[in-house]
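Here's a quick tour for anyone meeting this structure for the first time. Have a look at the sequence and the model, then read on.

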Amino acid sequence: MSGGFKSYVNMNEVEKAEPEVQKKDVKKIASEVFGGPLEPKLLPGELVIAEGHNVLKFDSTDDFNHGISGALFCTNFKISFVTANRSSYDLGELRQRNQLLSEHDIALTCVEAVYQVWNGKKKRLPAGSNIQGRVGILEIHCKDFRILPFSFKFTPKEAERNVVNAILHHAFPTSLDLLFAFEYNPGKNLRIGIADTPEFRAVKDWERELSRVNPSGWRVSFANTNFKMSDTLPEQFIVPSSLSDHDLNNSSPHFVDGRVPLWSWSHQNGSALVRMVELRTDTTQTQYLERTTIRKVKFVSPVVTISQLSCRGVLDSMLRAIESTHPERTKASIIDLGRLCPSPKYIQQAYYKLRDLCMPAGAEDFWAADQKWYSLLDGTKWLQCVSACLSVSSAVAERIAGSRQTVVLREYDGRDLSCVVASLVQVILDCHTRTLVGFQALVQREWVVSGHRFTDRLHHVHTMDRESKESPVFLLFLDCVWQLLQQFPSCFEFTETYLTTLWDSARVPLFATFLFNSERDRYVACMDAKRDKNDNTSPTLMPVWDWSLQFSDQDRLLFNNPLYGGKLAEYFPEHPSNGPTVVPPNPTNTLGSFKSRNKWKSKKKKQASASAQVSFVAPSTPSFNGPLFPINIGAGLKLWTQCYMRWIPWAHTVGGGPPSEYFHQCLLVDELHILNMKIHSLEMSKPDQHNTSQESGMFFTFESPRGFDANDSLTSAFPYSPIGSMDRKSIVGTPLFSFLRRMSVSSYNGAAANGDD
């Protein structure tokens, strides 16, 4: 080398590099990236409502000191900011790329609030209002805890007004039929890949679930066909075999919303988990059931007078039928979730406090909160809600598995906390629900078709009584599952990235999975949309379980847990952790009371109850297919930082944290896969075949770790938050960097020798 130039290029890596990129290819790539018009990527059926150019997007974490220029669009699906600035292009391999929403896109249903910032003062803009003057800075607060400020300083006034008013109108729809799911038109090229995830809208799905669990004394009921018995139950569900559909129809008016007790799951010892609502409390009050049929012909049912005595008789007969399914005919245990778990309103209040803590307006607010972080986190009461749900679920699971007792979960309308506890009990006891397909089937069965009010709880539709209906109950459940995943990382097939992505997808107005309050609401909405189209085709309502709509095959590998025992069992079949299921010892205490009449018990009682819960903890190294009894107090619970703090750069660890562990775990498992394949080829006397990351199922691979140093590139917010701020000084994470790391020295010298620009 002349001129004292020292080469730091590893020639072994150069030999393995990709073919040289020609100059014309470089110009083509640069033209496509930086020279194209600023237009949003539109989905089939998506329309641009308003647009404004020369808009500045600021970095809210940098006190509005740095930003990028581009165009802001409002469509009937999203708010899209399109820029040619290089800072919007991250290192592609290090960030989860959503095929529906780009880096600077916001789904309309993800908008929490819109603020106007003028002269340092912040004013919330009412939904549906019209702005006539200049806005200055528009600050959009998102439900995923992002804060996105936009400045219209260089935007024409008319374009500014049109964009802001379009956002205020379309981000807060007043009815479900205004959501993009009813406008989406994928055409004939649609490919739905959800064959492995049952939707429980067909009898065969319920029969398959019965066959998998193999309980005795239970059957599929058709009493609610066409939703004639209850508007909130699915058309098919599982009930005791001793009850006929006629019995169910006669008993239905005695229960809230006509929801008769329904089966959730059965243990191999014969004990069952059942969900039940409260009995109707009116004794002489006349009940008028005004319902709307599919054809919108309103009718009023005959007068129904229910006495307290008859209600008690119906309840006793139902409990006898449930108890008859147990091999020993033992008495069922009724658990009152309204007394033991936080109410939806309490959960919402805790969520508001958590949101305020994890959405600092700037560096000053963040560092001020950092001085008393733990006390502020404790003041949110969010982890107390998580602890309560885990404690109740662990105790219920012990009664089923340890005490061999059928448990009936009772909640007023059976559509909130019973979903949480019933699902957690199954995650604790049933290893199938810890697989990707099994977990999705669990959510579909216990939440979607069983009538959890996603429309109200996730606030998809803007209403005046928002405070009384909105509550992130589903997020609380996912947080509880995340806690289990942290304590038992080898027992789940999926990762925390999957759980975070699932929560993000619940606020995308494209997937019917999380849009409706009940199956009947979904059916009626489809029929109404069909009539509005004036043709014979129903809208294409997409399920969230077809992840190929959002992510590439490569990005879906982020869902695979490298520590999953079922995966490692392929390499270590004799490992003791793959042994038989272990039932925990029967504890001496009973369910503690966490709350009464929506108020927490005294500190002394909570501590006594919490300390008693320690006896529920199973051995520290359970088998991946055995029961999981979590530590649900004290240091056993953590804050789900990937979900709640991924947009706060000051809270990120560079080169460390769980993503760094995940990186090395992927490499190790992929290496084991390679060795296993080589051993297999030697045993079969076949030549060794090259394997890829698709074969091992790992996002990072051993042979080709994506050409970067994890210590410099990964942060604890992986795979969501970009590297650095928007005004990053280095070229890392830009198209130029991606190009240069593929270039060899010879190709660069050749281009220079030819005098190319």
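## A four-strand sheet

Let's start with an open sheet of four strands, in the order 11-12-16-15 and with mixed pairing. Its edges are strand 11 (262–266) and strand 15 (333–336), each of which pairs on one side only. From one strand to the next, the twist averages 25°. Bear in mind that this is a predicted model.

Strand 11 and strand 12 (residues 272–277) run antiparallel, joined by four bridges. One pairing to look up is S266, whose bridge partner in strand 12 is A272.

## Helices against the sheet

Helix 11 (residues 382–401) packs on the sheet and touches strand 11, strand 12, strand 15 and strand 16 (407–411). Its direction makes about 150° with that of strand 16. Then there's helix 12 (residues 417–429), which lies across strand 11, strand 12 and strand 16 and runs at about 175° to strand 12.

## A look at S221

Now hop over to strand 9 (residues 218–221), where you'll find S221. With 0% relative accessibility, S221 counts as buried, because the cut-off for that is under 20%.

S221 and D245 sit 24 residues apart in sequence, yet their C-alpha atoms are 6.5 Å apart in space. Their side chains are joined by a polar contact of 2.8 Å. Beyond its sequence neighbours within four places, S221 also has contacts that include E235, F237 and L248.

## Helix 23

Does the length of helix 23 (residues 658–683) add up? Its 26 residues should span 38 Å at 1.5 Å a residue, and the end C-alpha atoms are 37 Å apart, so the two agree. Among its buried residues are Y662, F663 and L667. After the helix comes S685, with a positive phi near 55°.

Note on methods:
Residues numbered from 1 in each chain as written. Predicted model: local features only at pLDDT ≥ 70, side-chain atom pairs only at ≥ 80, totals over all residues. Heavy atoms only, no water. Helix = DSSP H or I, 4+ residues; strand = E, 2+ residues; numbered from the N terminus. Buried < 20%, exposed > 50% of the residue type's maximum accessible area, 1.4 Å probe, protein only. Contact = heavy atoms within 4.5 Å. Polar contact = N/O pair within 3.5 Å; in protein donor to acceptor, adjacent residues only side chain to side chain. Expected span 1.5 Å × (residues − 1). Pairing = 2+ DSSP bridges. Axes fitted to C-alpha atoms, helices over the stretch in contact; angles between N-to-C directions.
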